[in-house]
Amino acid sequence: MKTYFVPRVNQLDSIQLDNEFTNMLRNQIQNILQCLPPGLLSHVQPEINLLLSSTLWNYSIRKSYATFGQQMLSITYEREQLPPIKLAFHYLLTNLLPYVKECAQFRLIGWPLVQRVIQVIENMLVLFNLVNFFKFLKTGNRPSLVDCVLRISHRSLDGAKRRTIGYSYMTRELIWAGFMEFLGFTIPFINYHSLKRKLRNALRLDTKSVQPIERIELSTESRCAFCNERVILPHFMGCSHVFCYYCLKGNQMADAGYQCNVCDYQSDSFMKVTAS
């Protein structure tokens, strides 16, 4: 085993941590800028992003030869592989090129040729990243395209120490994941509306029969028996209570044995309320 062996999962996790850290700082800046008038700094958003990324790069790669995500996982770049010229190219690839792309996308919208060129370059980068990722899975070196272009590798500050795994934590996670999958599989088969109706009927002490009626009268104070709002497209199911069409139809579609939530009258059909 190599002295400075870095597991693949640690290298991928460091990239993920860097992305999360950058997004967190951007969200904090956006929250601060919300206090300013809308649109005041929108035209300099690319410069704000460049300033943020340059600051992070200066205090991580330039001074410590490792990103903040790598520092959290005790990973660093080989200092011999990052002379000043490579540091400059690293800054160009990770900061200046994204800034140029962002400026072109936001300030050269009326230039269709430029937009097409940017789209082609982005598609090529996606392809190259995919090829480099498969290469990384095979070799375990240089997970990012920038690392591959500059030929720089990671090394572990902890020597050959591998990341330890807490099996008790993994067991809890597996049990919880299995329980969530079980709920996700069974819940769609449970008719909540039917279960609620049956439970309400089981707990009801007094039962009374309601005689069906063929006509119902509306007034200016009539409200839907389900949503308790002014009736929209009034319908009734045979009892003396009026419903909105969508309230009644939706409940009957959800529960074939739907009962009036006021008098417990049950009917498979409903009728439109006509003006007298």
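## Salt bridges: the basic idea

A salt bridge is a side-chain nitrogen of Lys or Arg within 4 Å of a carboxyl oxygen of Asp or Glu. Side chains of opposite charge can pair when their charged atoms come close. Keep in mind that what you're looking at is a predicted model.

So how many salt bridges does a search of the whole structure find? The search turns up three. Let's take them one by one.

## E122 and K101

In this pair, the closest N and O atoms of E122 and K101 are 2.8 Å apart. E122 sits in helix α5 and K101 in helix α4, so the bridge ties together parts that are 21 residues apart in sequence.

Are these two buried or exposed? Something in between: E122 is partly exposed at 22% relative accessibility, and K101 is partly exposed too, with a relative accessible area of 35%.

## R107 and E47

Helix α4 shows up again here. R107 pairs with E47, and their closest N and O atoms are 2.8 Å apart. R107 belongs to helix α4 and E47 to helix α2, so to speak two distant parts of the chain, 60 residues apart, get linked. R107 counts as partly exposed at 42% relative accessibility, while E47 is partly exposed with a relative accessible area of 28%.

## E78 and R155

The remaining bridge joins the side chains of E78 and R155, at 3.8 Å from N to O. E78 is in the loop between β1 (75–77) and α4, whereas R155 is in strand β2 (residues 154–156), so this pair ties together parts that are 77 residues apart in sequence. R155 is partly exposed, at 22% relative accessibility.

## The largest pocket

Now for some empty space. The largest pocket has a volume of about 1,600 Å³. It is lined by 43 residues, and the closest to its centre are L93, T94, N95, P98 and V146. Six helices each give two or more residues to the lining: α1 (8–33), α2 (45–64), α3 (68–72), α4 (84–107), α5 (112–139) and α6 (145–150).

Which element gives the largest share of that lining? It's α4, with ten residues. Sorted by class, the lining has 22 nonpolar, 15 polar and six charged residues.

## A nonpolar patch on the surface

On the surface, L113, V117, V120, I121, M124, L125, L127, F128 and V131 make a nonpolar patch of about 810 Å². One of them, V117, is found in helix α5. V117 is partly exposed, with a relative accessible area of 41%.

Definitions and conventions
Residues are numbered from 1 along each chain as its sequence is written. This is a predicted model: local features need pLDDT of at least 70, side-chain atom pairs count only at pLDDT 80 or more; totals for chains, interfaces and linings use all residues. Side-chain values use heavy atoms; hydrogens and water are left out. On a 1 Å grid over the protein atoms alone, a cavity is a set of points where a 1.4 Å probe fits but cannot get out, and a pocket is an open set with protein on both sides within 12 Å along at least five of seven lines; lining residues have an atom within 4 Å of a point. Grid points are joined across faces, edges and corners, and a volume is the space filled by probe spheres set on the points. Helices (H or I, at least four residues) and strands (E, at least two) are DSSP runs, numbered from the N terminus. Ala, Val, Leu, Ile, Met, Phe, Trp, Tyr, Cys and Pro count as nonpolar, Asp, Glu, Lys and Arg as charged, and the others, Gly among them, as polar. Patches are made of residues with over 30% relative accessible area and no salt bridge: like charges are joined within 9 Å, nonpolar side chains (Val, Leu, Ile, Met, Phe, Trp, Tyr) within 5 Å. Accessible areas come from the Shrake-Rupley method with a 1.4 Å probe; for residues, only the protein chains shown count as cover. Buried means under 20% relative accessible area, exposed over 50%, partly exposed in between (1.4 Å probe, protein chains only).
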